[in-house]
Amino acid sequence: MKEILARPASFTLEIPDDVPITIAWGTHDRLLPAGQAGVARQRLPQARFVLLPGCGHVPMTDDPALVARVLLEGSAVAAPAPAPTSPARATVTAEGATGG
């Protein structure tokens, strides 16, 4: 195990622009201090960065509701548009039904 951990690991694949990236960092993380976020910003400038106040290295146990909200917000930003309706169907909106 020590040999595995001693080897540096790096992710070298390109991430498509349409893939949302959120990096959420706990303000009380003692393994990866929030100051390290600068390195992540340089390597992933397209990412959304969110500080998680009062959270440590495992924020999902410190504040599960906050982590869930951050994940949902990040996925909502990149949510795909609904599939178009087929011509034979109607669409119901707040304004009423429209033919398709």
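Which residues make up the largest nonpolar core? Let me come to that by way of the model itself, which is a predicted one, with a mean pLDDT of 76 for the protein and 69% of its residues at 70 or more. Confidence is highest in helix H3, residues 59-62, at a mean of 96, and lowest in strand S3, residues 91-93, where the mean is 40. Please be careful with residues 84-100 as you look at the structure, since pLDDT stays under 50 throughout them, and the model has 12 contacts for that stretch beyond four places in sequence.

Now to the strands and the helix between them. Strand S1, which covers residues 22-26, pairs with strand S2, residues 48-52, in the parallel sense and over five bridges, and within that pairing Thr22 stands opposite Arg48 of S2. Together with helix H2, which spans residues 37-43, these two strands make a β-α-β unit that is right-handed.

That brings me back to the opening question. The largest nonpolar core has seven residues, namely Ile21, Ile23, Trp25, Ala37, Ala40, Ala47 and Phe49, and the elements that contribute two or more residues to this core are S1 and H2. If you would like one residue to start from, take Ala40, which, leaving aside residues up to four places away in sequence, touches Ile23, Trp25 and Phe49. Apart from this core lies another, made of six residues, and among them are Leu52, Cys55, Val67 and Val70.

How values were computed: Residues numbered from 1 in each chain as written. Predicted model: local features only at pLDDT ≥ 70, side-chain atom pairs only at ≥ 80, totals over all residues. Heavy atoms only, no water. pLDDT = per-residue confidence, 0-100. Helix = DSSP H or I, 4+ residues; strand = E, 2+ residues; numbered from the N terminus. Contact = heavy atoms within 4.5 Å. Pairing = 2+ DSSP bridges. Right-handed = clockwise from strand over helix to strand, strands pointing away. Core = buried A, V, L, I, M, F, W, Y, C linked by side-chain atoms within 4.5 Å. Buried < 20%, exposed > 50% of the residue type's maximum accessible area, 1.4 Å probe, protein only.
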